[in-house]
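Q: Got a minute to go through this one with me? I'd like to start with a hairpin and work outwards.

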Amino acid sequence: MKKRFSLTNRLLPMAILFISVTLVQCKKEGTNATALDRTVLSADIDSSLFSPFYDSTVIATADVVPDSNDVIVKTGVLTVIKNYCATPTCHGGGVSPTLTTYASISSLVTAGIPQTSHLWQLLTTNDLNKAMPPVSATNELPLVDKNIIYNWIKNGAKSAPDVNDFRPSAMRTLNSGCTSGNCHNEATAVGYWARSAYFPYVSSDTASLAVTNLTTGAISWYPQMVNTTILNQQWNAYKDSARTFYADTLANASFRLYKTFSSRGPLNTYDDIILDINYPKALRSSAGAYKVNGVKVNCKGDYLNSTSTLVSRIDSTLLLANPRTMVWATTNQGSMGYSDGGLSRRDIAIIKAWYFADTNIPDVWKYGINNVGIFKYRKSGNIITKK
């Protein structure tokens, strides 16, 4: 009896301590927890963060054996929930509700509206007795993981991503990765036009950008239009003229484009990118084949007679056929992605997924005339057509 009483005396304080710690954790009490501000403001959210439900997404146009740029690998909602909520001792075990499937997790959200979704409210409430996950403040979800859940709900809380998930991430990559310095930049294009005397301006409207070649040390100078009023006026007028001309090149001959580019066509905005896809810059800025009122015009009339597209310039796993002549390229054009060295495989796969999902890009630039296919995989030779 003495031994049994002695053992009880030893275990009882430990049991009391365990229960106390558990209650403190579940209520998120303690110095760290009570000081925790779990509020997530709209300014904290990165809407361009690709936020799928599952960690791996094979894109719709993937080859039969997916190539390096056909699969998007990115931490998804299910992994975040499993790491913080659906552990074996909590909502992955005996604690209801079990949060280990798409059906169970999506039942806690209002698709498209994070603020009214029960899951989001639990993750962001400052009522620490209701907050989830019910652990100490040292195990709080980081903002990036909350961001994944927020975007997933905002974009429709789907089991598989679609254009609404792909587009923001693709635009961020193209806008930030391609428009710096002298590259695909509106300021460079309009600055060059100004100094080529295409329209009146004063010297203070432009600046010079120095770009240093890291290999040779040589410095190149590029004009930049810093007057945003003139920049927007001239660039928007140019885009309007391009769209009008290519809508009917015979009726709108006076809109033939005479402006050329000192470097690459701008990709600063979604509108710029759609323009470049529909009417490739190489055709809008080629050697002048026409004259209007005696002025040389630098554009070609057939916008489908192109040997380059946005996707073929980024993804080196694809070969392109000229949509008009159907002559196939024999080598890849992936220089915009530095032959897949400048952009990650995930970035390229997201851009490709967005490209083929976006209804603002005509089918002719995805699958060619009459769905004959203008993109094929280098390794397999399989041609992408509309299913």
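A: Sure. In the hairpin of β3 and β4, 6 residues sit between the strands, and G217 has a positive phi near 85 degrees. Strands here are DSSP E runs of at least two residues and helices are H or I runs of at least four, numbered from the N terminus.

Q: Before we go on, what kind of model is this, and how are residues numbered?
A: This is a predicted model, where local features need pLDDT of at least 70, side-chain atom pairs count only at pLDDT 80 or more, and totals for chains, interfaces and linings use all residues. Residues are numbered from 1 along each chain as its sequence is written, and side-chain values use heavy atoms, with hydrogens and water left out.

Q: Back to the hairpin: in which sense do β3 and β4 pair, and over how many bridges?
A: Antiparallel, over 7 bridges, with β3 covering residues 206–212 and β4 residues 219–225. Two strands pair if DSSP finds at least two bridges between them.

Q: Which residue in β4 does A207 stand opposite?
A: A207 faces Q224 there.

Q: What about α8, mostly covered or not?
A: Mostly covered: 8 of the 10 residues in α8 (residues 186–195) are buried. Buried means under 20% relative accessible area, exposed means over 50%, and partly exposed is in between, using a 1.4 Å probe and protein chains only.

Q: Which ones are buried, and what do they pack against?
A: The buried residues of α8 are E186, A187, T188, A189, V190, G191, W193 and A194. They pack against β3, β4, α9 (228–247) and α10 (270–278), so the hairpin strands turn up again in the α8 surroundings. Contact means heavy atoms within 4.5 Å.

Q: Anything at the ends of α8?
A: At its start, a side-chain oxygen of N185 comes to within 2.7 Å of the backbone nitrogen of A187. That's a polar contact: a pair of N or O atoms within 3.5 Å, where within protein one must be able to donate a hydrogen and the other to accept it, and residues adjacent in sequence count only if both atoms are side-chain atoms. After α8 comes A197, with a positive phi near 65 degrees.

Q: And P200, buried or exposed?
A: P200 counts as exposed because its relative accessible area is 76%. P200 lies in the loop between α8 and β3. Its C-alpha atom is 9.8 Å from that of I230, 30 residues apart along the chain.

Q: Switching topic: how big is the largest pocket, and what lines it?
A: The volume is about 440 Å³. Of its 19 lining residues, C183, H184, R264, R313 and M336 lie nearest the centre. α7 (163–178) and α11 (281–284) are the elements giving two or more residues to that lining.

Q: How many cavities are there?
A: The search of the whole structure finds 2 cavities of 30 Å³ or more. The largest cavity holds about 40 Å³ of space, and its lining is D276, I277, P280, S308, T309, L310, Y355 and W365.

Q: What are the criteria for pockets and cavities?
A: On a 1 Å grid over the protein atoms alone, a cavity is a set of points where a 1.4 Å probe fits but cannot get out; a pocket is an open set with protein on both sides within 12 Å along at least five of seven lines, and lining residues have an atom within 4 Å of a point. Points are joined across faces, edges and corners, and a volume is the space filled by probe spheres set on them.

Q: Last one, how many helices and strands in the chain?
A: 14 helices and 9 strands.
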